[in-house]
Amino acid sequence: MKHISVRQLKKMIDDAAPCQIIDIREMHEVDSGMIPNGIHLPMAEVLDHLNELPRSIPVVVYCKSGSRAAAIVHVLRKEKGLTNVLHLEGGIQAWASEINPKTNVY
């Protein structure tokens with residue numbers, strides 16, 4: 001599985017590098033805040049929107065701590081053949097800890 005650290009993602013955001021950031025947490029978790037430039041797509045709906053995921057830029061998937069995102073990234077890479085999908089190590093908890101302590105983590 002391909003991973004990306006929160007520091008690498010922050011650099012991509014700061015550099016305005018093309019990427020799609022997907023928060024797969026549930027709505028009540030997302031209400032507390034998201035990583036900038038991200039979209040919300042609950043884990044249960046990701047496969048329903050498979051044809052909408054970009055294929056030519058990195059797609060970074062995250063959840064609260066990383067376990068749900070790791071499961072979805074595994075399915076997308078191994079079963080669906082999306083080689084551009086990356087798992088954000090540590091999820092939004094790592095983002096709050098290392099990048100933005102003001103991020104409210106549910």
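This is a short tour of the structure above, one selection at a time.

Before you start clicking, know that this is a predicted model, where local features need pLDDT of at least 70, side-chain atom pairs count only at pLDDT 80 or more, and totals for chains, interfaces and linings use all residues. Residues are numbered from 1 along each chain as its sequence is written, and side-chain values use heavy atoms, with hydrogens and water left out.

**Stop 1: helix H1**

Select residues 6-14, which form helix H1. (Helices are DSSP runs of H or I with at least four residues, strands are E runs of at least two, and both are numbered from the N terminus.) Colour Val6, Leu9, Met12 and Ile13: these are buried, meaning under 20% relative accessible area with a 1.4 Å probe and protein chains only, while exposed means over 50% and partly exposed is in between. They sit on the same side of H1, because they cover an arc of only 115° around the axis, taken from the directions from the helix axis to the C-beta atoms. Now flip to the other side of H1, where Arg7, Lys11 and Asp14 are exposed. Just past the end of H1, click Ala16, which has a positive phi of about 55°.

**Stop 2: H1 against H4**

Add residues 91-98, helix H4. The two helices pack at an angle of about 75°, with their axes 10 Å apart; axes here are lines fitted to C-alpha atoms over the stretch in contact, and angles run from 0 to 180 degrees between N-to-C directions. That makes H1 roughly perpendicular to H4, a label for angles of 65 to 115 degrees. Show Val6, Arg7, Leu9, Lys10 and Ile13 from H1, which meet Gly91, Ala94, Trp95 and Glu98 from H4.

**Stop 3: Trp95**

Is Trp95 buried or exposed? Trp95 counts as buried, because its relative accessibility is 3%. Among the residues it touches are Ile35, Pro36, Asn100 and Thr103, contact being heavy atoms within 4.5 Å. Try a distance too: the C-alpha atoms of Trp95 and Arg7 are 8.2 Å apart, though 88 residues separate them along the chain.

**Stop 4: the cores**

Finally, select Ile24, Val61, Leu76 and Val85, the residues with the most contacts inside the largest nonpolar core, which has 15 residues. (Such a core is a set of buried Ala, Val, Leu, Ile, Met, Phe, Trp, Tyr and Cys residues joined through side-chain atoms within 4.5 Å.) Its largest share, four residues, comes from H3. A second, separate core of 14 residues includes Val6, Leu9, Leu86 and Ala94.

Key. Parallel < 35°, antiparallel > 145°, perpendicular 65-115°, else oblique. Lists of a residue's contacts leave out its neighbours within four places in sequence.
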